[in-house]
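Me: Could you take one part of this structure and go through it closely with me? I'd like the packing and the pairing spelled out.

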Amino acid sequence: MPIYTPMHTRIVEIQSYLQHNDHSLAVRRILDASLDIADMTLLKEAIAVSQAYRQYKDTTVPTSFFQSANALLHKISNATDMFTDQTTSLVTAREISKTYSSGNFSLRPISIQINTGDVLGIVGENGNGKTTLLRCMAGQLALDSGELHFAQLEKPDYYDIKHHLAFIPQRIPRWYGLLKDNLHFSAAISGVTGEENSVMVDFMLERLDLTPYAHLTWTQISSGYRTRFEIARILLQKPKLLILDEPLANLDINAQQSILTDLRFMAKSVHNPMGILLSSQQLHEVEKIADTVLLIKKGSCLFRTGEGEKTADAFVVELETTANRALLLKALDDKGELQFNGGFYTITSKELPAQDILSKLVNGSIPITYFRDITHSTKRFI
Ligand SMILES: Nc1ncnc2c1ncn2[C@@H]1O[C@H](COP(=O)(O)OP(=O)(O)OP(=O)(O)O)[C@@H](O)[C@H]1O
């Protein structure tokens with residue numbers, strides 16, 4: 001199955017972002033497109049467009065920005081379109097399980113398949129085994145049973161696996177010196193040298209919004225930017241499988257969504273198509289971008305979107321409102337059951353799909369500050 005969006009479709013999307021003033025997204029997608037074309041001159045132009053855009057972030061974006069962005073898009077559209085690759089198997093975990101020698105936690109047998117281009121999200125509440133599963137997948141914990149198979153490595157040794165797979169832990173290891181120098185070093189040890197090293201580091205600084213922090217040290221940047229740095233550093237090493245443990249933990253709400261969207265684009269890039277496995281407690285955000293989501297509860301996979309998905313036996317929505325229970329039941333003609341958790345209501349109805357619930361609430365003049373259809377979400381099982 002092809003995983004790439006053809007370049008002409010991407011160009012049209014980026015032009016539309018520019019027209020509708022979604023400048024930041026347009027710039028990030030221009031950077032990605034130029035990297036995928038693999039032309040150093042176009043890549044440098046894209047970096048220049050991104051650097052120029054940063055100066056206008058809080059002011060009106062001048063016409064010259066649109067002219068240079070559109071001129072670059074035109075050049076990219078004339079470059080060779082190499083989007084013919086197919087998805088390939090990366091890693092298969094068969095019935096892997098783990099019990100720690102101390103304590104009483106067990107990860108029950110779980111099977112996972114990750115292909116290039118796949119984004120697989122592991123969600124669940126604290127202490128349910130997300131990190132344990134990721135560490136098993138990364139080969140950091142000895143398995144009690146089951147096996148891991150790296151499809152692209154015939155007889156994988158430690159070196160092969162380390163070069164194939166990157167793990168970004170919850171706590172980013174401390175580094176010393178300047179942020180930018182660390183990126184140059186990381187690229188160099190992966191064999192990226194000379195001009196390419198310099199351009200790729202500038203690219204990552206722009207792509208992860210790190211340029212203003214390039215000459216700062218560990219103690220001078222926030223934990224959110226340390227996460228961005230670590231993603232940039234790892235991406236320079238072009239891993240095939242990227243495993244991230246709670247990458248959203250230190251990011252603000254806007255950054256969470258943009259990093260997730262970026263990770264999805266990066267997984268499906270031509271430059272370095274990857275499989276991405278990430279854990280998070282932010283169900284909604286992860287569900288928006290992941291191809292498959294696994295809900296882990298007490299060490300077992302309780303629910304998996306896509307294959308084997310349980311058919312919903314009722315429609316379920318979340319609602320935040322100032323209206324009381326009696327008003328809600330009246331608006332719903334008693335066709336739903338309500339559960340209040342102190343912050344919002346969960347409405348379960350066997351008869352009314354989400355849009356019918358919404359229209360009944362609107363017709364009943366119920367004030368709505370938040371409404372979400374969770375009928376097919378892992379949220380139902382938490
Ligand atoms: N090395 C260890 N030895 C013994 N028990 C451990 C070890 N590491 C983790 N645990 C326990 O295993 C359980 C699952 O932990 P894990 O970190 O995998 O969960 P998690 O879902 O990632 O949680 P969080 O979201 O809080 O990071 C917890 O009860 C934890 O205390």
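Reply: Let's start at the ligand. Its shell (C-beta atoms, placed from the backbone, within 6 Å) consists of Tyr100, Ser102, Gly103, Phe105, Gly124, Asn126, Gly127, Asn128, Gly129, Lys130, Thr131 and Thr132. Sorted by class, that shell has nine polar residues, two nonpolar and one charged; here Ala, Val, Leu, Ile, Met, Phe, Trp, Tyr, Cys and Pro count as nonpolar, Asp, Glu, Lys and Arg as charged, and the others, Gly among them, as polar. Bear in mind that this is a predicted model, where local features need pLDDT of at least 70 and side-chain atom pairs need 80 or more, while totals for chains, interfaces and linings use all residues. Numbering starts from 1 along each chain as its sequence is written.

Now the sheet with strand 3 in it. Six strands make up this open, mixed sheet, ordered 5-6-7-3-8-9 (strands are DSSP E runs of at least two residues, helices H or I runs of at least four, both numbered from the N terminus; pairing takes at least two DSSP bridges). Strand 5 (165-168) and strand 9 (300-304) are the edges, and each has a single partner strand, so one side of each goes without a neighbour in the sheet. On average, neighbouring strands are turned by 20° against each other, direction ignored.

At one edge, strand 5 runs parallel to strand 6 (residues 241-245), joined by four bridges, with Leu165 opposite Leu241 in strand 6. Strand 3 (residues 119-123) is also in a parallel pair, with four bridges to strand 8 (residues 292-297), and Val123 has Leu295 of strand 8 as its bridge partner. Strand 8 then meets strand 9 in antiparallel fashion, again through four bridges; Ile296 stands opposite Cys301 in strand 9. The hairpin of strand 8 and strand 9 has two residues between the strands, and Lys298 there takes a positive phi near 50°.

For some contrast, look at two helix pairs. Helix 2 (residues 23-37) and helix 3 (residues 40-56) have axes that come within 8 Å and cross at roughly 165° (axes are fitted to C-alpha atoms, over the stretch in contact for helices, with angles from 0 to 180 degrees between N-to-C directions). Helix 2 is therefore roughly antiparallel to helix 3; the cut-offs are under 35 degrees for roughly parallel, over 145 for roughly antiparallel, 65 to 115 for roughly perpendicular, and oblique for the rest. Residues in contact (C-beta atoms, placed from the backbone, within 7 Å) are His23, Val27, Ile30, Leu31, Ser34, Leu35 and Ile37 on helix 2, with Leu42, Leu43, Ala46, Val49, Ser50 and Tyr53 on helix 3. That contact has 10 nonpolar residues, three polar and no charged ones.

Helix 7 (residues 179-189) packs against helix 8 (residues 194-207) at about 125°, with the axes 9 Å apart. These two are therefore oblique to each other. On the helix 7 side the contact uses Lys180, Leu183, His184, Ala187 and Ala188, and helix 8 brings Asn197, Met200, Val201, Met204 and Leu205. By class, this contact has seven nonpolar, two polar and one charged residues.

There's also an open, antiparallel sheet of four strands, ordered 11-12-10-13. Its edges are strand 11 (337-340) and strand 13 (370-373), each pairing on one side only. Strand 10 (residues 315-320) and strand 12 (residues 345-349) share five bridges, and Leu319 has Tyr345 of strand 12 as its bridge partner. Helix 13 (residues 354-363) packs on this sheet, touching strand 10, strand 12 and strand 13, and its direction makes about 35° with that of strand 10.

Key. Two residues are in contact if their C-beta atoms, placed from the backbone, lie within 7 Å.
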